[in-house]
Amino acid sequence: MRQEQIKNPTLHFSRDMGEIVTEKHVQYIFSVEKRKDDFISVAMEYLRMNGAYWGLTTLDLLGKLDAVDADEVVSWIMKCQHESGGFGGNIGHDPHILYTLSAVQVFALFNKLNVLDVEKVTNYIAGLQNEDGSFSGDEWGEVDTRFSYIAICCLSILHHLNKINVEKAVSYIVSCKNLDGGFGCTPGGESHAGQIFCCVGALAITGSLHHIDKDLLGWWLCERQVKAGGLNGRPEKLPDVCYSWWVLSSLIMIDRVHWISKEKLVKFILDCQDTENGGISDRPDDAVDVYHTFFGVAGLSLLEYPGLKAIDPAYALPVDVINRIFFG
Ligand code: GRG
């Protein structure tokens with residue numbers, strides 16, 4: 001089976017796979033943005049900045065970012081900036097590197113990076129690097145390879161990678177590599193597809209992919225595909241649409257995406273759509289949310305689903321945005 005896919009990696013789309021309900025997803029994203037008082041909006045309040053990145057990137061991939069008032073979004077994000085230079089998840093919230101990346105990504109989407117005080121933001125990020133090369137997420141010091149990725153991704157987008165010790169950052173990430181080829185949160189931590197994305201992404205951005213045993217990691221990643229076509233994040237776990245991003249982008253970065261069945265994955269993602277009201281859920285027939293809608297659409301984009309903008313697997317931004325940043 002895998003051998004056949006290796007020989008014939010071209011993806012054929014057919015109606016049996018289902019079809020993306022683009023307009024419904026656009027309506028769904030706008031409806032979430034307007035909701036202010038229901039339970040989900042209140043529960044999501046602390047990560048509104050991440051929500052903005054997921055929702056707006058989805059709209060861009062679907063070709064509908066023009067319908068958003070960029071100035072309104074930019075002025076809200078600026079109100080979330082702390083004097084340290086970092087951004088919070090919402091107005092009045094403490095800064096964290098997680099929200100700082102989302103803020104920078106949204107500025108990049110709207111071609112508004114010039115509005116940022118780049119020195120201030122990059123000083124904040126560089127200040128979170130520890131002696132061993134790792135990164136803390138904020139002033140309280142939790143260390144995680146997610147934060148290494150975020151620091152490297154952000155600084156690269158802002159053309160300030162020289163503000164950190166890249167060699168040490170890379171060697172810390174390599175110290176989180178496991179015998180199964182995967183990566184965990186910290187040295188010795190269990191391999192998990194989310195952390196693998198972060199480590200592979202950081203190594204890709206810094207030109208350090210030679211530290212990866214691509215066949216070994218590729219094998220671990222392609223084993224994440226379950227019978228139903230979806231991907232899980234580690235052995236014996238349920239599939240979840242979000243891994244269509246974490247696993248697939250990693251497979252693409254190490255050049256082993258032809259080791260999974262793309263057709264089955266497309267069908268799984270499309271089966272997770274709410275075809276009446278829009279949005280995508282973790283698994284078929286579950287409740288939809290913006291997080292899974294973004295990762296579902298992003299996964300379809302990586303799979304070159306027709307009508308979607310291409311997304312960059314390392315930066316998690318549309319390819320045209322990345323080209324604008326690096327090639328003018
Ligand atoms: C710009 C795309 C982008 C990311 C920024 C925050 C971040 C960097 C990466 C997060 C990577 C990560 C750890 C993703 C996993 C998220 C997830 C679904 C965790 C759930 O873990 P479990 O153990 O679920 O609850 P499983 O699926 O293992 O049962």
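Lys and Arg are counted as positive and Asp and Glu as negative, with His and the chain ends left out. On this basis the chain of the predicted model carries 28 positive and 43 negative charges, and the mean positions of the two sets lie 4 Å apart.

The secondary structure consists of 15 helices, with zero strands. The radius of gyration of the chain is 19 Å, close to the 20 Å given by the globule rule for 328 residues, so the chain is as compact as a globular protein of that length. Along the principal axes, the C-alpha atoms occupy a box of roughly 55 × 45 × 40 Å.

Burial and contacts were also computed for the chain. Of its 328 residues, 57% count as buried. Among contacts with a separation of 6 or more, 68% are made by residues 24 or more positions apart. The exposed area of the chain is about 14,500 Å², of which carbon and sulfur atoms supply 52%.

One helix, α4, was examined individually. Helix α4 spans residues 48-61 and contains 14 residues. The distance from the first C-alpha of α4 to the last is 20 Å, close to the 20 Å expected at 1.5 Å a residue. Helix α4 is mostly covered, with 13 of its 14 residues buried, where buried means under 20% relative accessible area. An α-helix has 3.6 residues a turn, so residues three or four places apart point the same way. Gly63 follows α4 and has a positive phi, near 80°.

Methods
Residues are numbered from 1 along each chain as its sequence is written. This is a predicted model: local features need pLDDT of at least 70, side-chain atom pairs count only at pLDDT 80 or more; totals for chains, interfaces and linings use all residues. Side-chain values use heavy atoms; hydrogens and water are left out. Helices (H or I, at least four residues) and strands (E, at least two) are DSSP runs, numbered from the N terminus. The radius of gyration is taken over C-alpha atoms; the globule rule is 2.2 Å times the number of residues to the power 0.38. Buried means under 20% relative accessible area, exposed over 50%, partly exposed in between (1.4 Å probe, protein chains only). Contact means heavy atoms within 4.5 Å. Accessible areas come from the Shrake-Rupley method with a 1.4 Å probe; for residues, only the protein chains shown count as cover. The place of a charge is taken as NZ of Lys, CZ of Arg, CG of Asp or CD of Glu. The expected span of a helix is 1.5 Å times one less than its number of residues.
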